[in-house]
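Biologist: Let us go through this model together. I want the reason behind each label.

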Amino acid sequence: MKQVLLGSSDLKVGAIAYGCWRFANSSLQEADTKIRTALEAGLTLIDTADIYGLGDMRGFGGSEEVLGEVLKASPDLRDKMVIATKGGIDAVRPYDSTYDYLMTAMDKSLARLKTDYVDIYQIHRPDITTPMAETARALDEMVKTGKTKYIGVSNFTVAQTRALQAHLGTKIITTQPEFSALHQYPITDGTLDWCQENTATALAWSPLARGRVFSESGIVIDALDTLAKRYDAPRGHIALAFTMGHGANVIPIIGTQKTERIVDSAKALNIPLTARDFYDIVEAFRGEKMP
Ligand code: NAP
């Protein structure tokens, strides 16, 4: 699979990433198969979060826990993947980016993942009650002590990202917004421009709109289907290609639990989506022609 550098870092990953939100109900055997399938198909960025698993069989931490079990059974897999995890949601408060909370959350994530370090630690959602300077102090310490190589944010506005960056001793390398053909706001809210301004990478969560790309109808779906027909490809490939068609070089994080769909996703990279095709999907979403 095509390799891309994450932001200004030295981390090279596949152009499509694999997400573990829906992963916590997997048995060790199933989790092992999904992770190996993703890595072999070239999806080497594995995105997870401490809260993934809440409401599932294993509860809070469940997704990290089962990934950790996979790594414990096969330690050789650790070097084959770039792990991006997240912390900062405690489900009750509901967001906590205080120094004490994050430092403890990080240690718990490392213990569950059975690894000494993660590659990217992301603040899952902004905690607007905690000063950015305090959050930055925790993140800087995580980098200094080697618990994470790099820092990322998720669901941050551009202004929140800048405010955190102003207090950080290290560059934020990734931002994780929701982005898909059915949710195009990062194009207009400045997120993808901030990425290009700062040589950062956007990791698009739910690039297939949590599966709504397959279950909905409407103008955007019609636009995807017109292109699907033109390129003799499934609608899902066009939708994934769309997320990769923006000039910011976005990495979509897919979340299927079906191994054949993990492998199949790589074919989205073969769709020769043109700028005109991309604008067709943008215009369908906006309900009007580009001015
Ligand atoms: P997604 O890839 O947009 O959606 C996955 C859903 O689409 C699954 O239910 C999957 O079902 C279905 N699907 C995929 N291919 C399909 C097909 N060909 N036909 C019909 N259904 C299909 O992504 P997501 O799972 O919502 O999220 C992906 C990742 O983004 C997560 O794992 C997580 O890492 C990240 N995320 C981050 C945040 C955040 O706040 N930062 C929030 C949400 C997600 P099957 O499993 O049956 O294939």
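**Labels and their reasons**

Modeller: One caution to start: this is a predicted model.

Biologist: Why is Thr256 called buried?

Modeller: Its relative accessibility is 17%. Buried means under 20%. Thr256 falls under that cut-off, so it counts as buried.

Biologist: Where is Thr256 found?

Modeller: Thr256 is in the loop between strand E10 (251-254) and helix H11 (259-265).

Biologist: What makes the pair formed by Thr256 and the ligand a polar contact?

Modeller: An N or O atom in the Thr256 side chain is 2.5 Å from an oxygen atom of the ligand. The cut-off for such a pair is 3.5 Å. The distance is within it, so the pair counts as a polar contact. As for cover, the ligand taken alone exposes 910 Å², and the protein buries 85% of that.

Biologist: Which protein atom does the side chain of Thr256 reach?

Modeller: The backbone nitrogen of Lys258, at 3.0 Å. Both Thr256 and Lys258 are among the closest residues to the ligand, along with Arg22, Asp47 and Ser206.

Biologist: How do you know that Ser154 and Gly19 make polar contacts with the ligand?

Modeller: The same test applies, with N or O atoms within 3.5 Å. A polar side-chain atom of Ser154 lies 2.8 Å from a ligand nitrogen. For Gly19, a backbone N or O atom lies 3.3 Å from a ligand oxygen. Both pairs are within the cut-off, so both count.

Biologist: How many residues surround the ligand, and how does the shell divide?

Modeller: There are 27 residues around the ligand. The shell holds 10 nonpolar, 10 polar and 7 charged residues. The space the ligand takes is the largest pocket.

Biologist: Why is Gln184 called buried?

Modeller: Gln184 has 2% relative accessibility. The label needs a value under 20%, so Gln184 counts as buried. Gln184 lies in the loop between strand E8 (172-176) and helix H6 (185-188).

Biologist: Which backbone oxygens does the side chain of Gln184 reach?

Modeller: The backbone oxygen of Ala181 is reached at 3.0 Å. That of Ile281 is reached at 3.2 Å.

Biologist: Why is Asp222 called partly exposed?

Modeller: Asp222 has 47% relative accessibility. Buried is under 20% and exposed is over 50%. The value lies in between, so Asp222 counts as partly exposed. Asp222 is found in helix H9 (residues 219-231).

Biologist: What separates the C-alpha atoms of Asp222 and Leu43?

Modeller: They are separated by 29 Å, and the two residues are 179 residues apart along the chain.

Technical notes:
Residues are numbered from 1 along each chain as its sequence is written. This is a predicted model: local features need pLDDT of at least 70, side-chain atom pairs count only at pLDDT 80 or more; totals for chains, interfaces and linings use all residues. Side-chain values use heavy atoms; hydrogens and water are left out. A residue is near a molecule or strand if one of its heavy atoms lies within 4 Å of it. A polar contact is a pair of N or O atoms within 3.5 Å; within protein, one must be able to donate a hydrogen and the other to accept it, and residues adjacent in sequence count only if both atoms are side-chain atoms. Accessible areas come from the Shrake-Rupley method with a 1.4 Å probe; for residues, only the protein chains shown count as cover. On a 1 Å grid over the protein atoms alone, a cavity is a set of points where a 1.4 Å probe fits but cannot get out, and a pocket is an open set with protein on both sides within 12 Å along at least five of seven lines; lining residues have an atom within 4 Å of a point. A molecule sits in a cavity or pocket if more than half of its atoms lie within 2 Å of its grid points. Ala, Val, Leu, Ile, Met, Phe, Trp, Tyr, Cys and Pro count as nonpolar, Asp, Glu, Lys and Arg as charged, and the others, Gly among them, as polar. Helices (H or I, at least four residues) and strands (E, at least two) are DSSP runs, numbered from the N terminus. Buried means under 20% relative accessible area, exposed over 50%, partly exposed in between (1.4 Å probe, protein chains only).
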